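Biologist: Please take a close look at one part of this model, the strands and the aromatic rings on them. I would like one connected account that a first-year student can follow.

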Amino acid sequence: MTRSKWKSPFVDYNLFINILKKKKYIKTRSRSTIILPNFIGLTISVYNGCRYKNLHITEKMIGHKLGEFVFTRKVGKIHTINKKK
């Protein structure tokens, strides 16, 4: 479900203030923040539930949410073969 058109895009207040202050290292837990054109070229550390993952913002990411690019689950499964003794 998308956000209503009459509302502005959601951006976490603390994250936006850190970006305006031109901080060098930005950490956030707000995965629902929408990426704005002001974010281009920044590297933001986004929390995935276990650890912080670095995310470099590019032009193609505008309009998407931060959480779309930082996965919360391990990709793929490793199957082990039990050898008979």
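**Strands and rings**

Modeller: The charged end of Arg29 lies over the ring of Tyr47, 4.2 Å from the ring's centre. Keep in mind that this is a predicted model. A second charge is placed over a ring as well: the charged end of Lys27 sits over Tyr52, 4.2 Å from the centre of that ring.

The two tyrosines also belong together. Tyr47 and Tyr52 form an aromatic pair, with 4.9 Å from centre to centre and 55 degrees between the planes. The pair counts as tilted, because planes under 30 degrees apart would be stacked and those over 60 edge-to-face. A search of the whole structure finds 1 aromatic pair. Tyr52 has a relative accessibility of 30%, so Tyr52 counts as partly exposed; the partly exposed class runs between the buried limit of 20% and the exposed limit of 50%.

Now the strands. Strand S2 covers residues 43–47 and strand S3 covers residues 52–56; 5 bridges join them, and they run antiparallel. Across this pairing, Thr43 of S2 stands opposite His56 in S3. S2 and S3 form a hairpin, with 4 residues between the strands. In the turn, Gly49 has a positive phi of about 105 degrees.

S2 has another partner. Strand S1, residues 26–28, is joined to S2 by 3 bridges, and these two strands run parallel. Here Lys27 stands opposite Ser45 in S2. Lys27 is also the residue whose charged end sits over the ring of Tyr52.

Definitions and conventions:
Residues numbered from 1 in each chain as written. Predicted model: local features only at pLDDT ≥ 70, side-chain atom pairs only at ≥ 80, totals over all residues. Heavy atoms only, no water. Pairing = 2+ DSSP bridges. Phe/Tyr/Trp six-rings, centres within 6.5 Å; stacked < 30°, edge-to-face > 60°. Buried < 20%, exposed > 50% of the residue type's maximum accessible area, 1.4 Å probe, protein only. Lys NZ or Arg CZ within 6 Å of the ring centre and 35° of its normal.
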